[in-house]
Amino acid sequence: MSTASPAPSRPQPVGPALMVIFGGAGDLARRKLLPALVNLRADGLLGDAFGVLATATRPLDDASYRNDMAQAVRGHLGGDLDAEAWSWLERRLHYERGDLTDDGLYDRLARRIDALDRELRTAGNVLFYLAIPPSLFAPTVARLAARGLFDESGGHFRRVIVEKPFGRDLESARALNRSLAACLAESQIWRIDHYLGKETVQNILAFRFANGIFEPIWNRRYVDHVQISVSETVGIGHRARYYEEAGALRDMVPNHLFQLLGYVALEPPVSFEADAVRDEKGKVFSAIVPIDPEDVLACTVRGQYGPGTMPDGERVPGYREEPGVDPQSSTETFVALRLAIDNWRWAGVPFYLRTGKRLAERASEIVVEFRRVPFMMFRSTPVDHLGPNRLTLRIQPSEGISLHFGAKVPGPALRLGGVDMDFCYRDHFGEEPATGYETLLYDALRGDATLFQRADNVEKAWAVVQPILDVWQALPPRDFPNYAAGSRGPAAADELLAREGRRWRTR
Ligand SMILES: NC(=O)c1ccc[n+]([C@@H]2O[C@H](COP(=O)([O-])OP(=O)(O)OC[C@H]3O[C@@H](n4cnc5c(N)ncnc54)[C@H](OP(=O)(O)O)[C@@H]3O)[C@@H](O)[C@H]2O)c1
């Protein structure tokens, strides 16, 4: 492929702000948030008037926190660490120890925010980041509000980033939204889904709406069906407590998979303003045909991995043998479902979603499979076995886009073969060190909410999933474990598509 066209003018560094990280010593902060800030600085996207105030329960002060984080950030960025950017950030790291259930902590935080604001000239702007257990989201926000820390009357911003999970079902999602709305304006609530920080996800919109050639065929007339797969090779690691409560459906579907679905299926927004895009995404969720409880078992597949061998030869235990997991657990580690979107563009086009742990390969991708040609004039050749055209948007591990089509194999006989035209981000644009949080933090700091979730859309997504949760709970699985670790998932997931003459696309 030829080289990229000249880049448009470089993005500007974000203005003054203090970032207050609740759970600032936890896994998310050390693995993602601080490394992302270093990368933003290295890219010239963080201005000088910036600082971080971290808070957690462990006994640290500014100096020991900086030390601790230096190791963490070095460990995660390794050779990609920009030493200058790190030493810039390190000087701006501050720590306040305390328990979030203690009102005294908020007085201390308020004082430090004021002091740091003066010292670092952050203009009163504060981005609060809730990197804490979900049970603490609502009480922490309530205490911050009571302390007056969300007041924007001085013309500065006060924003709160909330990490998923946004509830564990429709009712709790509504309750969380109500408690956040009692303390904050919707414009102050930034619900983050790190999937939307990935280049390919953002590129779905660019791909669809910046190119004249795809949009005309992006509809029921040309698209046979869409597959959205997020398969992981990892198990549940040390997250048994969380995962036992959540399961694959809650953990992945109403958030990550629905975001991908939304971007693939939405109508062209009138602009790339946050609400224009989020309105269109919401319309897609509203148009998803509610699954009748009687149809749940026919439209969905749940699975749980048993022991098995991963493709690299590693023997791994089954889910029920993982530390911290109930040996009788009926928590699903795999889910596949078929959804229908009842609107002008997509009526009759199935959307198949699947995600699971301990699968044979790590791959997140969207496959748009097009209808076959109406008449196969190569009938007498083996080409009638040729697959349909497919457009694959790869999100991980290697971000890119490929188009599968048939071409004549060179030679005197007319033989066709399937070929791929492939675009790989890394090959074309080179690789930038990234955690996936850079874009999202940058956007939150500059006030662009396009990639963040809005309350109504969160509830719409849960509304689609709720009948599945209800039926699954009422009818516990009888065949778990039903797939071996290292396999492609339960056979029933293949049958879900085979019944309709289709199959999952794998590389
Ligand atoms: N890790 C990820 O990659 C990831 C990805 C997506 C979403 N999330 C979400 O991000 C949030 C944080 O996850 P995590 O993995 O970073 O968890 P974690 O490693 O357990 O960190 C939790 C942090 O919260 C602090 N904390 C807990 N209870 C507290 C209390 N009562 N008062 C003050 N601080 C308290 C802990 O303080 P100490 O440090 O003192 O123990 C710790 O710093 C969760 O909501 C999770 O669902 C995480």
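Which residue is the bridge partner of Thr300 in strand 12? The answer is given in point 5, with the rest of strand 8.

1. Model and domains. This is a predicted model. The domain assignment splits the chain into domain 1 (17-195) and domain 2, the latter made of two segments, 198-430 + 455-498. Between the C-alpha centres of domain 1 and domain 2 the distance is 33 Å.

2. Sheet of domain 1 residues. Six strands form an open sheet with parallel pairing, in the order 3-2-1-4-5-6. Strand 3 (93-97) and strand 6 (189-191) are the edge strands, each pairing on one side only. From one strand to the next, the twist averages 20°. Strand 1 (residues 17-22) and strand 2 (residues 50-56) run parallel and are joined by six bridges; Ile21 has Ala54 of strand 2 as its bridge partner. Helix 4 (residues 103-120) packs on this sheet, where it touches strand 1, strand 2, strand 3 and strand 4 (126-130). The direction of helix 4 makes about 160° with that of strand 2.

3. Sheet of eight strands. A second open sheet has mixed pairing and the strand order 8-12-13-7-14-15-16-17. Its edge strands, each paired on one side only, are strand 8 (300-303) and strand 17 (415-424). Here the twist averages 15° from one strand to the next. Strand 7 (residues 223-231) pairs with strand 13 (residues 350-356) in the parallel sense, over six bridges, and Val226 stands opposite Phe351 of strand 13.

4. Helices on the eight-stranded sheet. Helix 8 packs on the sheet and touches strand 7, strand 12 (334-340), strand 13 and strand 14 (363-370). Its direction makes about 140° with that of strand 13. Helix 14 (residues 491-498) also packs on the sheet, touching strand 8, strand 12 and strand 13. The direction of helix 14 makes about 165° with that of strand 8.

5. Strand 8. Strand 8 and strand 12 run antiparallel and are joined by four bridges. The bridge partner of Thr300 in strand 12 is Leu337. Although strand 8 is an edge strand, both of its faces are covered. Thr300 and Arg302 are buried on one side, and Val301 and Gly303 are buried on the other.

6. Nonpolar core. The largest nonpolar core has 123 residues, and Val20 and Tyr129 have the most contacts inside it. Helix 8 (residues 240-265) gives the most to this core, contributing eleven residues. Why does the core lie between domain 1 and domain 2? It lies between them because both domains give residues to it. Leaving aside residues up to four places away in sequence, Tyr129 touches Met19, Val20, Ile21, Phe22, Leu33 and Ile161. Ile21, one of these contacts, is also the residue paired with Ala54 in strand 2.

7. Domain contact. Contact between the domains involves 15 residues of domain 1 and 14 residues of domain 2. On the side of domain 1 that touches domain 2, helix 6 (residues 170-181) supplies the largest share, five residues. By class, this side of domain 1 has six nonpolar, two polar and seven charged residues.

Note on methods. Residues numbered from 1 in each chain as written. Predicted model: local features only at pLDDT ≥ 70, side-chain atom pairs only at ≥ 80, totals over all residues. Pairing = 2+ DSSP bridges. Helix = DSSP H or I, 4+ residues; strand = E, 2+ residues; numbered from the N terminus. Axes fitted to C-alpha atoms, helices over the stretch in contact; angles between N-to-C directions. Contact = placed C-beta atoms within 7 Å. Core = buried A, V, L, I, M, F, W, Y, C linked by C-beta atoms within 7 Å. Buried ≥ 20, exposed ≤ 12 C-beta atoms within 10 Å, placed from the backbone. Domains from an automatic or database assignment. Nonpolar A, V, L, I, M, F, W, Y, C, P; charged D, E, K, R; others polar.
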